[in-house]
Amino acid sequence: MVPSPTTAADRLHAALSKTFEGLFSAVDDASFERRIGHVRLLFPSVPIRIFNGVLVESEPCSGVADSIREVEERGLSCGLQLRVERHPQVEEEAARLGFTEREPMPGMTVAPDELVDVRAPDLEIARADDEEALLEAARLAAIVWETRLERVRPLFAPVILEIPGMSVYVGRVDREAVTTAIGYRTDKEVALFNVATLPKRRRQGYGASISAHAVRAGFEDGADLAWLQTSPMGESVYRRLGFRHVEMHVLLHRR
């Protein structure tokens, strides 16, 4: 059964928080603290603003300025993520604090009977089950995100393989690692994130294939809804897999 867009949006938003909570609970230097209407996120070893800042969960929401201050006192670039048009007072407060830059983050979902079966015949996909495979995945992510390996390595630390429902996948062609993705099932939802394909290997269906593989595995593990956040540019790629736009988050930050 395909959930209504409203139901799917609410489930996506709730699963977003659960995904951060599960990931952060496994990493020693990460901190997930639920406060009044929001979560304060700290992940100093990954100095990327989406992992350090505020995730607004619900109304009433207060204390956001204090949470932002805690992040920025660590010398970290801070992000504030919320559902568009749901929290006008928080957006006004963020603007007063100088959080005027906006990065749209379209939220998309797909149900089992909507998923398009995409497979690249020359791509061999396997779960990363050791540190060497995780390092391959981290290197792919660093290349694609145009950042240093040490900035993303903690996201692929061996400890994350111990998180129930978490799977890291690496796709290889002729033994060369060319694409990676993470699937993380929490309750009945499976998140798809950290999808990265080598630039020289794009437009060959590898990213779509590993994305579909991770989603199928989540459904086989008991999920009945897959979700992701993408950039506006990447939305068309996931639409071809059957995903549909049900929610819009925005990441606010300083200029």
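**Sheet edges, hairpins and the largest pocket**

Strand E1 and strand E2 (residues 38-42) run antiparallel and are joined by four bridges. Ser-31 faces Leu-42 of E2 across this pairing. The model is a predicted one, and local features are taken only where pLDDT is at least 70. Zooming out from this pair, E1 and E2 open the order of an open sheet of 11 strands, which reads E1-E2-E3-E4-E11-E5-E10-E9-E8-E7-E6, with mixed pairing. The edges are held by strand E1 (31-34) and strand E6 (124-127); each has a single partner strand, so one side of each goes without a neighbour in the sheet. On average, and ignoring direction, neighbouring strands of the sheet are turned by 25 degrees against each other.

Towards the E6 end of that order sits the run E9-E8-E7, which is worth a slower walk. E7 and E8 are antiparallel, with eight bridges between them. One pair to look for is Val-170 opposite Thr-180 in E8. The two strands form a hairpin with two residues between them, and there Asp-174 takes a positive phi near 50 degrees. Most residues other than glycine have a negative phi. Asp-174 is not a glycine, yet its phi is positive. This residue lies in the loop between strand E7 (166-173) and E8. Is Asp-174 buried or exposed? Its relative accessible area is 72%, and the cut-off for exposed is over 50%, so Asp-174 counts as exposed.

The next step along the chain is another hairpin. Strand E8 (residues 176-186) and E9 are antiparallel and joined by seven bridges. Ile-182 is set opposite Phe-193 in E9, and Thr-186 is set opposite Glu-189 in E9. This hairpin of E8 and E9 has two residues between the strands, and Asp-187 takes a positive phi near 60 degrees in it. Asp-187 is found in the loop between E8 and E9, and it too is a residue other than glycine. At 47% relative accessibility Asp-187 does not pass the 50% mark for exposed, so it is classed as partly exposed. Thr-186, by contrast, belongs to strand E8. With a relative accessible area of 9%, under the 20% cut-off, Thr-186 is therefore buried. Its C-alpha atom is 8.7 Å from that of Met-166, although the two residues are 20 apart along the chain.

Both E8 and E9 are mostly covered: nine of the 11 residues of E8 are buried, as are seven of the nine in E9. In a regular strand the side chains alternate between the two faces of the sheet.

On its other side, E9 pairs with E10, in the parallel sense and over three bridges. Val-190 has Ala-226 of E10 as its bridge partner. Together E9, H6 and E10 make a right-handed β-α-β unit.

This unit leads straight to the largest pocket. Rolling a probe the size of a water molecule over the atoms shows where empty space is left. The largest pocket holds about 1800 Å³ of space. It is lined by 44 residues, and those closest to its centre are Trp-145, Val-195, Gln-229, Thr-230 and Ser-231. Which element gives the most to the lining? That is E9, with seven residues. Several other elements supply at least two residues each, including helix H1 (5-25), strand E5 (101-110), helix H4 (131-145), helix H6 (206-220) and strand E10 (225-229). Helix H5 (149-152) and helix H7 (235-239) are also among the elements that supply at least two. By residue type, the lining divides into 25 nonpolar, 12 polar and seven charged residues.

One more backbone detail turns up in the loop between strand E3 (53-56) and helix H2 (64-72), where Pro-60 is found. Most peptide bonds are trans. The bond from Glu-59 to Pro-60 is cis, with omega near 0 degrees. Cys-61 lies in this loop between E3 and H2 as well. Its relative accessible area is 16%, which is under 20%, so Cys-61 counts as buried. Cys-61 and Pro-158 are 97 residues apart in sequence, and 35 Å separates them in space, C-alpha to C-alpha.

Methods:
Residues are numbered from 1 along each chain as its sequence is written. This is a predicted model: local features need pLDDT of at least 70, side-chain atom pairs count only at pLDDT 80 or more; totals for chains, interfaces and linings use all residues. Side-chain values use heavy atoms; hydrogens and water are left out. On a 1 Å grid over the protein atoms alone, a cavity is a set of points where a 1.4 Å probe fits but cannot get out, and a pocket is an open set with protein on both sides within 12 Å along at least five of seven lines; lining residues have an atom within 4 Å of a point. Grid points are joined across faces, edges and corners, and a volume is the space filled by probe spheres set on the points. Ala, Val, Leu, Ile, Met, Phe, Trp, Tyr, Cys and Pro count as nonpolar, Asp, Glu, Lys and Arg as charged, and the others, Gly among them, as polar. Buried means under 20% relative accessible area, exposed over 50%, partly exposed in between (1.4 Å probe, protein chains only). Two strands pair if DSSP finds at least two bridges between them. A crossover is right-handed if, with the strands pointing away from the viewer, the path from the first strand over the helix to the second runs clockwise. Axes are lines fitted to C-alpha atoms, for helices over the stretch in contact, and angles run from 0 to 180 degrees between N-to-C directions.
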